[in-house]
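User: Could you take a close look at the sheet in this one for me? I'd like to know how the strands are arranged and how that part sits within the chain as a whole.

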Amino acid sequence: AWEIMAQVHPELPGLFGDNGGDPDGNAWLRPVEEFPPELVSTLLREGVARLVTGYAHPYLPGKKHPPHRRWCGYQAEGVYFYY
């Protein structure tokens with residue numbers, strides 16, 4: 001997925017960065033609206049991404065958050081996504 005994104009839109013892999021590092025959590029999640037539709041189609045067709053119904057919640061590192069099956073927290077943005 002990273003290679004495809006970098007070829008089509010070099011700035012997009014940066015959406016998954018958090019303060020110069022990887023986001024917290026056990027998944028790599030972002031709202032689909034942040035990506036160009038043609039890129040989403042390509043990633044899905046290549047089988048390197050999938051769409052899930054997820055949710056956003058304020059992220060306060062160090063605070064106990066409810067357990068979620070998959071989640072991804074961005075300290076710099078103060079948000080985590082989960083499903």
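**The sheet and its setting**

Analyst: Sure. Keep in mind that this is a predicted model. The protein chain has two helices and four strands, and reading along the sequence you get the pattern α-β-α-β-β-β.

Now the sheet itself. The four strands form an open sheet in the order β1-β3-β4-β2, and the pairing is antiparallel. The edges belong to β1 (24–25) and β2 (55–58); each has a single partner strand, so one side of each has no neighbour in the sheet. In general, strands of a sheet pair through backbone hydrogen bonds, either parallel or antiparallel.

Let's zoom in on β2. Its link to β4 (residues 79–82) consists of four bridges, with the two strands running antiparallel. For a concrete spot to click on, try Ala-56, which sits opposite Phe-81 in β4.

Stepping back to the whole chain: residues 24 or more positions apart supply 52% of the contacts that have a separation of 6 or more. The radius of gyration is 13 Å, which agrees with the value near 12 Å for a compact globule, because that is what 83 residues would give. The C-alpha trace spans about 35 × 25 × 20 Å along its principal axes.

As for burial, 30% of the 83 residues are buried. The accessible surface is about 5500 Å², with 54% of that belonging to carbon and sulfur atoms. On the charge side, you've got 7 positive and 10 negative side chains, and the centres of the two sets are 13 Å apart.

Terms used: Residues are numbered from 1 along each chain as its sequence is written. This is a predicted model: local features need pLDDT of at least 70, side-chain atom pairs count only at pLDDT 80 or more; totals for chains, interfaces and linings use all residues. Side-chain values use heavy atoms; hydrogens and water are left out. The radius of gyration is taken over C-alpha atoms; the globule rule is 2.2 Å times the number of residues to the power 0.38. Buried means under 20% relative accessible area, exposed over 50%, partly exposed in between (1.4 Å probe, protein chains only). Contact means heavy atoms within 4.5 Å. Accessible areas come from the Shrake-Rupley method with a 1.4 Å probe; for residues, only the protein chains shown count as cover. Lys and Arg count as positive and Asp and Glu as negative; His and the chain ends are not counted. The place of a charge is taken as NZ of Lys, CZ of Arg, CG of Asp or CD of Glu. Two strands pair if DSSP finds at least two bridges between them.
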